[in-house]
Amino acid sequence: MHVFYTPDIAVSNELPEEEAGHCLRVLRLGMGDEVMLTDGKGCFYKAVISAATNKRCQVKILETIPQEPFWKGHLHLALAPTKNMDRIEWLAEKATEIGFDELSFLNCRFSERKVLKTERVEKIVVSAVKQSLKARKPVVNEMTDFMKFMERDFPGQKFIAHCYKGEKPLLKDVLVPGEDALVLIGPEGDFSPEEVARAEEKGFRAVSLGKSRLRTETAALVAVHTMNLINS
(Lines give C-alpha, C1' and ligand atoms only; values in the text may rest on other atoms or scores of the structure.)
Protein backbone atom coordinates (compact mmCIF):
# COMPACT_ATOMS: atom_id res chain seq x y z
CA MET A 1 0.00 0.00 0.00
CA HIS A 2 1.29 3.48 -0.89
CA VAL A 3 2.39 5.72 2.03
CA PHE A 4 1.86 9.49 2.02
CA TYR A 5 3.32 12.10 4.37
CA THR A 6 0.53 14.11 6.01
CA PRO A 7 1.92 16.10 8.96
CA ASP A 8 -1.40 17.90 9.60
CA ILE A 9 -3.71 14.89 9.31
CA ALA A 10 -4.80 15.32 12.95
CA VAL A 11 -6.50 18.63 12.04
CA SER A 12 -7.09 18.26 8.29
CA ASN A 13 -8.40 15.38 6.20
CA GLU A 14 -6.65 16.66 3.07
CA LEU A 15 -3.29 15.55 1.69
CA PRO A 16 -0.61 18.25 1.14
CA GLU A 17 -0.61 19.53 -2.45
CA GLU A 18 2.55 17.70 -3.51
CA GLU A 19 1.42 14.42 -1.97
CA ALA A 20 -2.02 14.84 -3.53
CA GLY A 21 -0.45 15.34 -6.95
CA HIS A 22 1.65 12.21 -6.58
CA CYS A 23 -1.37 10.24 -5.38
CA LEU A 24 -3.81 11.33 -8.08
CA ARG A 25 -1.73 12.18 -11.17
CA VAL A 26 1.27 9.87 -10.84
CA LEU A 27 -0.19 6.81 -9.13
CA ARG A 28 -3.68 7.47 -10.56
CA LEU A 29 -5.47 6.54 -7.37
CA GLY A 30 -9.06 7.68 -6.96
CA MET A 31 -12.14 7.66 -4.77
CA GLY A 32 -12.51 4.48 -2.79
CA ASP A 33 -8.84 3.50 -2.96
CA GLU A 34 -7.16 2.73 0.35
CA VAL A 35 -3.94 4.51 1.30
CA MET A 36 -1.59 4.61 4.28
CA LEU A 37 -0.62 7.95 5.81
CA THR A 38 2.09 8.95 8.25
CA ASP A 39 2.13 12.16 10.26
CA GLY A 40 5.88 11.94 10.95
CA LYS A 41 5.12 12.24 14.65
CA GLY A 42 4.69 8.55 15.49
CA CYS A 43 1.46 7.39 13.88
CA PHE A 44 0.31 5.68 10.71
CA TYR A 45 -3.26 6.07 9.48
CA LYS A 46 -5.15 3.64 7.31
CA ALA A 47 -7.47 5.74 5.15
CA VAL A 48 -9.65 5.73 2.06
CA ILE A 49 -9.83 8.48 -0.56
CA SER A 50 -13.17 10.22 -0.09
CA ALA A 51 -12.88 13.06 -2.63
CA ALA A 52 -10.44 13.78 -5.45
CA THR A 53 -9.82 16.49 -8.04
CA ASN A 54 -6.72 17.27 -10.09
CA LYS A 55 -4.97 19.05 -7.22
CA ARG A 56 -6.88 18.08 -4.06
CA CYS A 57 -7.27 14.78 -2.31
CA GLN A 58 -9.40 14.26 0.79
CA VAL A 59 -9.37 11.09 2.86
CA LYS A 60 -11.44 9.39 5.53
CA ILE A 61 -9.44 7.85 8.38
CA LEU A 62 -10.29 4.20 8.97
CA GLU A 63 -7.73 3.33 11.62
CA THR A 64 -4.98 5.04 13.63
CA ILE A 65 -1.89 2.87 14.13
CA PRO A 66 0.72 4.19 16.62
CA GLN A 67 4.25 2.96 15.93
CA GLU A 68 6.54 2.16 18.84
CA PRO A 69 9.97 3.85 18.56
CA PHE A 70 12.62 1.63 16.95
CA TRP A 71 15.36 3.06 19.19
CA LYS A 72 15.80 4.66 22.59
CA GLY A 73 16.75 8.26 23.29
CA HIS A 74 16.96 11.26 20.96
CA LEU A 75 19.66 10.67 18.32
CA HIS A 76 21.07 13.91 16.92
CA LEU A 77 23.69 14.30 14.17
CA ALA A 78 25.36 17.66 13.48
CA LEU A 79 27.83 18.02 10.63
CA ALA A 80 29.54 20.46 8.31
CA PRO A 81 28.01 19.84 4.86
CA THR A 82 30.27 18.91 1.95
CA LYS A 83 30.75 21.08 -1.12
CA ASN A 84 29.06 18.39 -3.21
CA MET A 85 25.34 18.43 -2.34
CA ASP A 86 24.83 14.96 -3.79
CA ARG A 87 26.81 13.55 -0.87
CA ILE A 88 24.69 15.37 1.70
CA GLU A 89 21.49 14.21 0.02
CA TRP A 90 22.80 10.62 0.00
CA LEU A 91 23.64 10.90 3.70
CA ALA A 92 20.20 12.30 4.57
CA GLU A 93 18.49 9.45 2.75
CA LYS A 94 20.59 6.63 4.21
CA ALA A 95 20.64 8.03 7.75
CA THR A 96 16.85 8.31 7.68
CA GLU A 97 16.54 4.73 6.48
CA ILE A 98 18.75 3.58 9.37
CA GLY A 99 16.94 5.79 11.87
CA PHE A 100 17.71 8.94 13.89
CA ASP A 101 15.82 11.97 15.20
CA GLU A 102 17.52 15.23 14.25
CA LEU A 103 19.93 16.57 11.63
CA SER A 104 21.79 19.88 12.04
CA PHE A 105 24.21 21.57 9.65
CA LEU A 106 27.26 23.44 10.94
CA ASN A 107 29.18 26.31 9.39
CA CYS A 108 32.72 25.64 10.58
CA ARG A 109 35.97 27.52 10.04
CA PHE A 110 37.14 25.05 7.38
CA SER A 111 33.73 24.35 5.86
CA GLU A 112 33.67 23.91 2.09
CA ARG A 113 30.02 24.96 1.94
CA LYS A 114 28.90 28.10 3.74
CA VAL A 115 25.28 28.21 2.52
CA LEU A 116 22.76 25.39 2.47
CA LYS A 117 19.11 25.38 1.50
CA THR A 118 17.36 22.61 3.38
CA GLU A 119 14.24 22.30 1.19
CA ARG A 120 15.76 19.57 -0.98
CA VAL A 121 17.16 17.73 2.05
CA GLU A 122 13.73 17.88 3.71
CA LYS A 123 12.09 16.28 0.65
CA ILE A 124 14.67 13.49 0.58
CA VAL A 125 14.13 12.82 4.27
CA VAL A 126 10.35 12.63 3.77
CA SER A 127 10.80 10.22 0.87
CA ALA A 128 13.13 8.03 2.94
CA VAL A 129 10.67 8.02 5.87
CA LYS A 130 7.94 6.69 3.58
CA GLN A 131 10.22 4.18 1.85
CA SER A 132 11.52 2.75 5.12
CA LEU A 133 8.04 2.67 6.71
CA LYS A 134 8.81 4.92 9.66
CA ALA A 135 6.14 6.92 11.43
CA ARG A 136 8.65 9.49 12.73
CA LYS A 137 10.38 12.05 10.52
CA PRO A 138 13.78 13.43 11.59
CA VAL A 139 13.91 17.17 12.22
CA VAL A 140 16.07 18.98 9.63
CA ASN A 141 17.60 22.22 10.93
CA GLU A 142 18.99 25.17 9.01
CA MET A 143 22.74 25.72 8.93
CA THR A 144 24.14 27.31 12.10
CA ASP A 145 27.51 28.85 12.89
CA PHE A 146 29.53 26.35 14.94
CA MET A 147 30.23 28.73 17.83
CA LYS A 148 26.54 29.70 18.04
CA PHE A 149 25.62 26.03 18.04
CA MET A 150 27.94 25.57 21.01
CA GLU A 151 25.92 28.13 22.98
CA ARG A 152 22.90 25.83 23.04
CA ASP A 153 22.20 23.39 25.85
CA PHE A 154 21.95 19.76 24.81
CA PRO A 155 20.73 17.06 27.20
CA GLY A 156 22.37 13.66 27.29
CA GLN A 157 25.70 12.54 25.83
CA LYS A 158 27.76 14.83 23.59
CA PHE A 159 30.59 13.70 21.31
CA ILE A 160 32.90 15.27 18.75
CA ALA A 161 34.72 13.19 16.13
CA HIS A 162 37.95 14.85 14.95
CA CYS A 163 41.32 13.77 13.57
CA TYR A 164 43.69 15.44 16.04
CA LYS A 165 45.96 13.27 18.18
CA GLY A 166 44.98 12.36 21.71
CA GLU A 167 43.01 9.79 23.62
CA LYS A 168 39.84 9.06 21.68
CA PRO A 169 37.84 5.95 22.54
CA LEU A 170 35.59 4.39 19.94
CA LEU A 171 32.11 5.87 19.93
CA LYS A 172 30.60 2.41 20.25
CA ASP A 173 32.54 1.80 23.47
CA VAL A 174 31.45 4.93 25.33
CA LEU A 175 27.91 5.50 24.07
CA VAL A 176 25.43 4.73 26.84
CA PRO A 177 22.23 3.11 25.52
CA GLY A 178 18.93 4.71 26.38
CA GLU A 179 20.26 8.27 26.73
CA ASP A 180 19.99 11.17 24.29
CA ALA A 181 23.10 11.48 22.13
CA LEU A 182 24.60 14.17 19.89
CA VAL A 183 27.60 13.56 17.61
CA LEU A 184 29.50 16.33 15.78
CA ILE A 185 31.16 15.60 12.43
CA GLY A 186 33.51 18.18 10.90
CA PRO A 187 34.28 19.25 7.34
CA GLU A 188 36.86 17.59 5.07
CA GLY A 189 39.48 19.92 6.57
CA ASP A 190 38.39 18.91 10.08
CA PHE A 191 37.30 21.16 12.93
CA SER A 192 39.70 23.94 13.83
CA PRO A 193 41.67 23.59 17.08
CA GLU A 194 39.60 26.44 18.49
CA GLU A 195 36.35 24.64 17.64
CA VAL A 196 37.56 21.43 19.27
CA ALA A 197 38.59 23.33 22.39
CA ARG A 198 35.24 25.11 22.57
CA ALA A 199 33.34 21.85 22.20
CA GLU A 200 35.36 20.25 24.98
CA GLU A 201 34.66 23.28 27.19
CA LYS A 202 30.95 22.64 26.58
CA GLY A 203 31.23 19.02 27.66
CA PHE A 204 31.73 17.25 24.32
CA ARG A 205 33.93 14.16 24.48
CA ALA A 206 36.36 13.40 21.66
CA VAL A 207 35.72 10.01 20.04
CA SER A 208 36.99 7.87 17.18
CA LEU A 209 34.86 6.22 14.52
CA GLY A 210 37.50 3.64 13.64
CA LYS A 211 41.00 3.34 12.19
CA SER A 212 40.08 4.30 8.63
CA ARG A 213 40.16 7.88 7.39
CA LEU A 214 36.57 8.64 6.44
CA ARG A 215 34.92 11.26 4.27
CA THR A 216 32.53 13.59 6.05
CA GLU A 217 29.37 11.86 4.86
CA THR A 218 30.79 8.40 5.58
CA ALA A 219 31.80 9.41 9.10
CA ALA A 220 28.34 10.87 9.66
CA LEU A 221 26.66 7.67 8.53
CA VAL A 222 28.94 5.57 10.77
CA ALA A 223 27.96 7.80 13.70
CA VAL A 224 24.23 7.42 12.98
CA HIS A 225 24.54 3.67 12.54
CA THR A 226 26.48 3.35 15.80
CA MET A 227 23.96 5.42 17.75
CA ASN A 228 21.08 3.44 16.27
CA LEU A 229 22.61 0.02 16.93
CA ILE A 230 23.56 0.80 20.53
CA ASN A 231 20.07 2.13 21.22
CA SER A 232 18.05 -0.52 19.38
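In which sense do strand β2 and β3 pair, and over how many bridges? The pairing is antiparallel, and five bridges hold the place between strand β2 (residues 34–38) and β3.

## Overview

This is a predicted model. The protein chain has seven helices and ten strands. Its C-alpha trace spans about 65 × 35 × 30 Å along the principal axes.

The chain counts 232 residues, and 48% of them are buried. Consider the contacts in the chain with a separation of 6 or more. Of these, 74% are between residues 24 or more positions apart.

## The β2-β3-β4 strands

β2 and β3 form a hairpin, with four residues between them. G40 sits in the turn and has a positive phi of about 75 degrees. Within this pair, V35 has A47 of β3 as its bridge partner.

β3 also pairs with β4. The two run antiparallel and are joined by nine bridges. A hairpin of four residues links β3 to β4. A47 stands opposite I61 in β4. A47 therefore appears in both pairings, since a bridge partner in β3 is A47 for V35 and I61 is what A47 faces in β4.

## Helix α1Helix α1 covers residues 17–26. Its buried residues are E19, A20, G21, C23 and L24. They pack against three strands and a helix: β1 (3–5), β3 (43–52), β4 (57–66) and α3 (119–131).

R28 comes just after α1. Its phi is positive, at about 55 degrees.

## The six-strand sheet

An open sheet of six strands has the order β7-β6-β5-β9-β8-β10. The pairing is parallel. β7 (139–145) and β10 (205–207) are the edge strands, each pairing on one side only. From one strand to the next, the twist averages 25 degrees.

Inside this order, strand β8 (residues 157–161) pairs with strand β9 (residues 181–185). Five bridges link the two in the parallel sense. One residue to look up is I160, whose bridge partner in β9 is L184.

## Two nonpolar cores

In soluble globular proteins, nonpolar side chains tend to be buried together. The largest nonpolar core here has 34 residues. Which of its members touch the most other members? They are L77, L79, L103, F105, V121 and I185. Helix α7 (residues 216–231) gives the most to this core, with six residues.

V121 shows what such contacts look like. Leaving aside neighbours within four places in sequence, V121 is in contact with M85, I88, A92, L103, F105 and V140. A second core is separate and has 16 residues. Among them are L106, M150, L184 and A206.

## F146 and S192

F146 lies in helix α4 (residues 146–149). Is F146 buried or exposed? F146 is buried, because its relative accessible area is 1%, and the cut-off for buried is under 20%. Not counting residues up to four places away in sequence, F146 touches L106, N107, C108, L184, F191, E195 and A199. L184 in that list is also a member of the second core. A135 is eleven residues from F146 along the chain, yet 31 Å separates their C-alpha atoms.

S192 is in the loop between β9 and α6 (193–201). S192 counts as buried because its relative accessibility is 1%. Its contacts, not counting residues up to four places away in sequence, are R109, F110 and Y164.

## The cavity

How many cavities of 30 Å³ or more does a search of the whole structure find? The search finds one. About 50 Å³ of space lies in the largest cavity.

The lining of the largest cavity comes from two stretches of residue numbers. One is Q67, E68, P69, F70 and W71. The other is K134, A135 and R136. A135 is also the residue whose C-alpha atom is 31 Å from that of F146.

Note on methods. Residues are numbered from 1 along each chain as its sequence is written. This is a predicted model: local features need pLDDT of at least 70, side-chain atom pairs count only at pLDDT 80 or more; totals for chains, interfaces and linings use all residues. Side-chain values use heavy atoms; hydrogens and water are left out. Buried means under 20% relative accessible area, exposed over 50%, partly exposed in between (1.4 Å probe, protein chains only). Contact means heavy atoms within 4.5 Å. Two strands pair if DSSP finds at least two bridges between them. Axes are lines fitted to C-alpha atoms, for helices over the stretch in contact, and angles run from 0 to 180 degrees between N-to-C directions. A nonpolar core is a set of buried Ala, Val, Leu, Ile, Met, Phe, Trp, Tyr and Cys residues joined through side-chain atoms within 4.5 Å. On a 1 Å grid over the protein atoms alone, a cavity is a set of points where a 1.4 Å probe fits but cannot get out, and a pocket is an open set with protein on both sides within 12 Å along at least five of seven lines; lining residues have an atom within 4 Å of a point. Grid points are joined across faces, edges and corners, and a volume is the space filled by probe spheres set on the points.
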